[in-house]
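Biologist: I am new to this structure and should like to be led through it by question and answer. May we look at it together?

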Amino acid sequence: MPQEKWNYNPFWDEVVSRMQSTLSEQESITWLNRISYAESKDHKLILAVPSLFIRDYVSTQYKSTIQSMLNELTGEQVTVDFIVKKVAPSSTSVTGGHVDSSEKSQDSNRNSHASTKTPAPMPKAQKRPRDPNINNSYQFDTFVVGDNSAFAYNVSMAIAKNPGVSYNPCLIYGGVGLGKTHLIQSIGNYIQDNTPELQIVYVTAEMFTNEFIQSIGEEKTPQFRNKYRKADVLLIDDIHFLQKKASTQEEMFHVFNNLFEANKQLVFTCDRPINELQDIADRLKNRFTRGINVDLQPPDFETRLAILRRKCEGKACHISSEVLEYIGKNVNTNVRDLEASLTKLIAYSNLLNKEITLDIAREQLKSTYSMSKDQSMSIDSIIRVVADYFNISPYDIKGKKRTKSVVLPRQIAMYISRTITDFSTTEIGYEFGGRDHTTVMHSVQRVEGMIQSDIAVSNSIQNLIRQAQSFKREK
Ligand code: ADP
Ligand code: MG
C-alpha cells in the first residue's frame, strides 16, 4: 500500500479545530495543543505528546473523542496511538515537537485574543528604574528546559515577549526548589531589558504583606497603593504566604482588580495548586486561577544531568561525567538540592585541591541524600494523616480488617511511607501490623498504577504527602 493512502494529518487538523470549539481555552492550551501529529499508518493515526504524564492524561480524557471524530471524518475505523516525543533537555531554545505545538498554542491564543483584548497601553517611552528585587542572574537562557518545565517556560517566555496580551493572569505552581522564582524573575529581567518603558514590580507575598502592614502603621496606605497601581507588570512570588491573612488578601484583591481591568500583566507563583490552599478567600483564589495555570514538576534524570552540566559550565571545576551522573541519580528532589550538592563538591575540591572521585562524592553527599528521603519522618505520623483523611482510625490501618474502606487507605499509607521515608519494605511491613514485605511491594505498585491512570488520585496523594510533611514540621 503506498504510504500516502494513510495520511490522516489533514483530518487531525480538523479534529483539533472541532475540539477547540468545545474545550475551554485552558484545556486547549494545557492538553490539546500539546498533542501534535506524528505519523499515519494502516488505519492508525499516531500522535506525539511531550511526556508520559500527558500521554496518560490525554489517552484517558480525549482518545475516544478523537477516535470517533476521525471515524466520522474519514469514514474509516481509525485507531489512535500516542508516542512520547521528548524535548531535548539541555535546550533552552524553542525546538522540538512539543514546544512547536506549544508555540502554536501561543499563536492561536494570541489570535483568539486579538479581537477582544488590547495590549496594555504603552506608557511614554521612558526608561523605568529597574526593580532592585529582581536578581539579574535569573534569566531565561540560564534556565534548563526539560519535559517537566517546557510548558511553564514557554508560557513565561510568551508573557515576557508580550506582557498583558495573552496568558493573563498567569499562575505558576510547583514544589520548593523547582524554578518558580527563577522563571518569574526571568520574566521581569526580560521585560526590563527589552521593554524598559514598562514599570515592573516584583515582590514576594511576604514582602507585600509586610509593606502593607507597615503602610498602615505609618499611615502611608495611599503611597503603598500607588506603587502597585503604577505597575505595568506585577510579579508576586509565593502567594501561599497569604494563607490566613485576611486583610492582606483583601488588599491584594483590589490591587488585582485594578491592574487586571487595565490589562496589566499579572504573574503569581504558589507552592501548590490553588485549590489546596487553605484560608484564602474564594474570590481571590478565583482571581489567581482565572487565566493560565502552569505547573512545574520535578526534573527527570536526563534533565537533572543537563542542569548539572550547565551549572558546571563556566565554573573552574572538573567534575567527571561519572560523578555528575551519580549526583543526578541520587539527588532527585529538586533543582535547589542539585545545586547545593554540586556547590558542596566544588568547594571541597577547591579547598583540598583534589579531584572529585566517585568515593569522595559518595562520602560528601551522604547528608544530601537523607534530604531527598526523610528518615526522621515516622510511619506512625503518615498513618495518622492518611487515617484522618479517610476518616478511619490508625488502628484500622494497622489492623487485620480487609474491607474496602480500609484496604485502600492502608495501601496509600504504605506507598507514602515507601516514597518519602528511607524505611525498607520489610520495616514498613513491620510497622503496618507485622505484614510481609511483599504486601508492601504490591501496595506500592497498585498505588503507582492508580496515580498514573487517575489524576484525581495523584492530586490527593500529593496533598497527603504535603500534609504528612507539614504534620512532621509542626511536631
Ligand atoms: P522555587 O522558587 O521554585 O523554590 P527557585 O527558582 O528558587 O525555586 O530555584 C532554586 C534554584 O534552582 C535556583 O538557583 C534556580 O536558579 C535553580 N533552578 C531551578 N530550576 C532550574 C532550571 N530548570 N535550570 C537551571 N536552574 C534552575
Ligand atoms: Mg521561590
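Modeller: Let us begin with a term: contact means heavy atoms within 4.5 Å. Please bear in mind that this is a predicted model.

Biologist: Which residues of α14 are met by residues of α12?

Modeller: The α12 side of this contact consists of Arg304, Ile307, Leu308, Lys311 and Cys312. Their partners in α14 are Val335, Leu338, Glu339 and Leu342.

Biologist: At what angle do α12 and α14 pack, and are they oblique or roughly parallel to each other?

Modeller: Two packed helices are described by the angle between their axes and the distance between the axes. For α12 and α14 the axes are 10 Å apart and the angle is about 45°. The crossing is right-handed. Angles under 35 degrees count as roughly parallel and those from 65 to 115 as roughly perpendicular, so with about 45° α12 and α14 are oblique.

Biologist: Which residue of α14 forms a salt bridge with Lys311?

Modeller: The closest N and O atoms of this pair are 2.6 Å apart. Lys311 belongs to helix α12 (residues 301-312) and its partner to helix α14 (residues 335-352), so the bridge links parts of the chain that are 28 residues apart. Lys311 is partly exposed at 23% relative accessibility, and the partner is also partly exposed, at 33%. The partner is Glu339.

Biologist: How do the axes of α12 and α13 cross, left-handed or right-handed?

Modeller: The axes of α12 and helix α13 (residues 321-330) come within 9 Å and cross at roughly 130°, and the two helices are therefore oblique to each other. Among the residues that make the contact are Phe301 and Leu305 of α12, and Leu324 and Ile327 of α13. The crossing is right-handed.

Biologist: How many salt bridges does the structure hold?

Modeller: A salt bridge here requires a side-chain nitrogen of Lys or Arg within 4 Å of a carboxyl oxygen of Asp or Glu. One of them joins Glu211 to Lys227, at 3.0 Å from N to O. Glu211 lies in helix α8 (residues 205-217) and Lys227 in helix α9 (residues 221-229), so this pair ties together parts that are 16 residues apart in sequence. The number of salt bridges in the structure is 15.

Biologist: Which residue forms a salt bridge with Arg466, and is that residue buried or exposed?

Modeller: The closest N and O atoms of the pair are 2.1 Å apart, and the partner of Arg466 is Glu276. Arg466 lies in helix α22 (residues 455-474) and Glu276 in the loop between β7 (265-270) and α11 (282-288), so the pair ties together parts that are 190 residues apart in sequence. Arg466 is partly exposed at 25% relative accessibility. With a relative accessible area of 12%, Glu276 is buried.

Biologist: In what order do the strands of the open sheet stand?

Modeller: The sheet has five strands, and their pairing is parallel. Its edge strands, each of which pairs on one side only, are β5 (200-204) and β8 (292-295). On average, neighbouring strands are turned by 15° against each other, direction ignored. The order is β5-β6-β7-β4-β8.

Biologist: Which residue of β7 stands opposite Ile172?

Modeller: Strand β4 (residues 170-173) runs parallel to β7 and is joined to it by four bridges. The residue opposite Ile172 is Thr269.

Biologist: Which strands does helix α7 lie across?

Modeller: Helix α7 covers residues 180-194 and runs at about 160° to β6 (233-237). The strands that α7 lies across are β4, β5, β6 and β7.

Biologist: Is Ser149 buried or exposed?

Modeller: Ser149 is placed in the loop between α5 (96-114) and α6 (150-161). Leaving aside neighbours within four places in sequence, Ser149 is in contact with Phe143, Val144 and Leu296. Because its relative accessible area is 1% and the limit is under 20%, Ser149 counts as buried.

Biologist: Is Gln278 buried or exposed?

Modeller: Gln278 lies in the loop between β7 and α11. Not counting residues up to four places away in sequence, Gln278 touches Gln243 and Lys244. Its C-alpha is 9.4 Å from that of Leu242, although the two residues are 36 apart in sequence. With a relative accessible area of 55%, Gln278 is exposed.

Key: Residues numbered from 1 in each chain as written. Chains lettered and ligands numbered in written order. Predicted model: local features only at pLDDT ≥ 70, side-chain atom pairs only at ≥ 80, totals over all residues. Heavy atoms only, no water. Buried < 20%, exposed > 50% of the residue type's maximum accessible area, 1.4 Å probe, protein only. Pairing = 2+ DSSP bridges. Axes fitted to C-alpha atoms, helices over the stretch in contact; angles between N-to-C directions. Parallel < 35°, antiparallel > 145°, perpendicular 65-115°, else oblique. Left-handed = near helix turned anticlockwise from the far one by under 90°.
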